[in-house]
Amino acid sequence: MASPIFLSSGDMVADRRFEWARDRKAKGDLAGAADLLIQALELAPGYAAAWFALGELREKLGDRAAAIAAFEQAAEADPLDRHGATVHLMRLGVRAATAMPEGYLRALFDGYAPGFDEAVTEGLGYRAPELLFEAVRAAHAGMRMKFGSGLDLGCGTGPAALPFRPLSDWMVGVDLSTAMLVRARGKGLYDRLVEADVQRFLAEEAQIGAHYHLVLAADVFLYFDGLELVLEAAAQVIAPAGQLAFSAETHDGDGVLLRDTLRYAHGAAHVQRALAMAGLKPISLASISTRMEKGVPVPSALRPHTVILGITVPYLKADVDFLN
């Protein structure tokens with residue numbers, strides 16, 4: 001099934017039914033695959049992977065109500081929600097769009113880690129790191145770039161830090177995924193790597209008075225339902241005259257929506273409001289595609305979703321009201 005992980009039921013017969021269902025699905029027999037999953041669930045009623053896979057199949061078969069019921073069972077069966085059943089329930093409008101489960105994000109990127117670098121560069125044409133670097137360089141207007149300390153939020157295997165490492169005396173990477181951090185550690189880009197939730201890490205750093213001259217967030221905000229809290233937390237650790245460079249998908253509306261890709265898109269107005277609330281002034285906002293999706297650049301002429309690249313510096317809210 002197209003789930004990020006496989007969790008055994010503990011019953012060999014049920015697991016075998018699950019594998020047969022995977023084979024049936026691969027051959028295009030969706031109804032047959034669903035029947036096999038139901039057989040597996042009769043043997044192991046708390047089989048989260050089977051409930052999740054059944055939800056996916058039922059949705060493909062056009063039975064929305066049954067798909068929702070299966071996703072609800074999957075979420076109940078695995079309190080960590082490592083398959084992301086809650087995210088699908090949010091996408092289907094059954095649950096309010098909120099923060100994605102930490103267990104889901106951890107499992108998702110642990111699964112991506114082994115082939116991540118090849119996939120994003122060769123398959124997706126991923127350009128966010130180089131685009132952020134060019135934006136930061138342009139913001140320096142010909143002045144020499146040098147950063148005492150850098151912080152890479154949601155660092156993954158380290159692509160965003162790569163162009164900035166030679167210009168930084170100290171670089172810290174933060175990510176939820178153990179597997180991603182293992183690969184990042186092998187590249188020697190970071191002086192410190194921390195396995196943690198981004199927002200929680202920022203709060204802890206602010207408590208001890210830590211400050212960074214450059215904070216990076218390359219395609220990290222795609223997994224946040226709103227940007228107000230994370231931008232406010234980031235602002236607390238940006239050194240005076242420091243910079244935050246980030247990318248985010250956006251859409252034509254003002255608010256936040258969860259796309260079918262299971263990533264959040266933030267309207268330009270939402271991004272600007274969140275920046276203002278955090279006391280951050282944008283000095284560069286550009287709509288540029290950072291990757292391909294199904295062979296089409298994001299954004300594309302067919303789908304008016306864009307990507308915001310922003311560089312921000314702390315400022316006094318009373319000084320500038322850039323929304324007017």
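**Exercise 1. Determine how α2 and α3 are oriented relative to each other, and describe the contact between these helices.**

Solution. In this predicted model, α2 and α3 come out as roughly antiparallel to each other. The step behind this assignment starts from the geometry: helix α2, covering residues 30-43, packs with helix α3, covering residues 48-60, at an angle of about 150°, and their axes are 10 Å apart. Angles over 145 degrees count as roughly antiparallel, and therefore the pair α2 and α3 receives that description. The handedness is then added, since α2 passes α3 in a left-handed crossing.

The next step is to list the residues that meet. On the α2 side these are L30, A33, A34, L37, I38 and L41, and on the α3 side they are A50, W51, A53, L54, L57, R58 and K60. Sorted by character, the residues of this contact comprise eleven nonpolar, no polar and two charged.

**Exercise 2. Place L54 in the structure, state whether L54 is buried or exposed, and list its contacts beyond its sequence neighbours.**

Solution. L54 belongs to helix α3. Its relative accessibility is 1%, and because buried means under 20%, L54 counts as buried. When neighbours within four places in sequence are left aside, L54 is in contact with A34, L37, I38, L41 and A70. For one of these partners, I38, a backbone distance can be given as well: the C-alpha atoms of L54 and I38 are separated by 7.8 Å, while the two residues lie 16 residues apart along the chain.

**Exercise 3. Characterise the packing of α11 against α12 in the terms used for the first pair of helices.**

Solution. Two packed helices are described by the angle between their axes and the distance between the axes. For α11 and helix α12, the latter spanning residues 268-278, the axes come within 8 Å and cross at roughly 40°. This angle makes α11 oblique to α12. The crossing, in which α11 passes α12, is right-handed.

The contact itself is formed by E228, L231, E232 and A235 in α11, which meet H270, A274, L275, M277 and A278 in α12. Divided by character, the residues of this contact are six nonpolar, one polar and two charged.

**Exercise 4. Find how many aromatic pairs the structure holds, and analyse the pair formed by F133 and F164.**

Solution. The structure holds eight aromatic pairs. In the pair formed by F133 and F164, the ring centres are 5.2 Å apart and the planes make an angle of 65°. Planes over 60 degrees apart count as edge-to-face, and the pair of F133 and F164 is accordingly edge-to-face. As for location, the pair links distant parts of the chain, with F133 in helix α8 (residues 128-139) and F164 in the loop between β1 (147-153) and β2 (168-175), 31 residues apart. Both F133 and F164 are buried.

A further pair, F221 with F224, is also edge-to-face, at 6.0 Å centre to centre and with 90° between the planes. Both F221 and F224 are buried. In addition, F109, Y112 and Y223 form one aromatic cluster.

**Exercise 5. Examine the phi values of D219 and A241, and decide for each residue whether it counts as buried or exposed.**

Solution. The phi of D219 is near 55°, a positive value in a residue other than glycine. D219 lies in the loop between β4 (212-217) and α11 (228-235), and its relative accessibility of 12% means that D219 counts as buried.

The phi of A241 is near 65°, again a positive value in a residue other than glycine. A241 has its place in strand β5, residues 238-249, and with a relative accessibility of 70% A241 counts as exposed.

**Exercise 6. Describe the surroundings of D254, and then summarise the chain as a whole.**

Solution. D254 is found in the loop between β5 and β6 (256-258). Not counting residues up to four places away in sequence, D254 touches G267, A269, H270 and R273. The C-alpha atoms of D254 and A268 are separated by 6.4 Å, although these residues are 14 residues apart along the chain.

For the whole chain, the secondary structure comes to twelve helices and eleven strands. Of its 324 residues, 51% count as buried. Among the contacts with a separation of 6 or more, residues 24 or more positions apart account for 61%.

Terms used:
Residues numbered from 1 in each chain as written. Predicted model: local features only at pLDDT ≥ 70, side-chain atom pairs only at ≥ 80, totals over all residues. Heavy atoms only, no water. Axes fitted to C-alpha atoms, helices over the stretch in contact; angles between N-to-C directions. Helix = DSSP H or I, 4+ residues; strand = E, 2+ residues; numbered from the N terminus. Parallel < 35°, antiparallel > 145°, perpendicular 65-115°, else oblique. Left-handed = near helix turned anticlockwise from the far one by under 90°. Contact = heavy atoms within 4.5 Å. Nonpolar A, V, L, I, M, F, W, Y, C, P; charged D, E, K, R; others polar. Phe/Tyr/Trp six-rings, centres within 6.5 Å; stacked < 30°, edge-to-face > 60°. Buried < 20%, exposed > 50% of the residue type's maximum accessible area, 1.4 Å probe, protein only.
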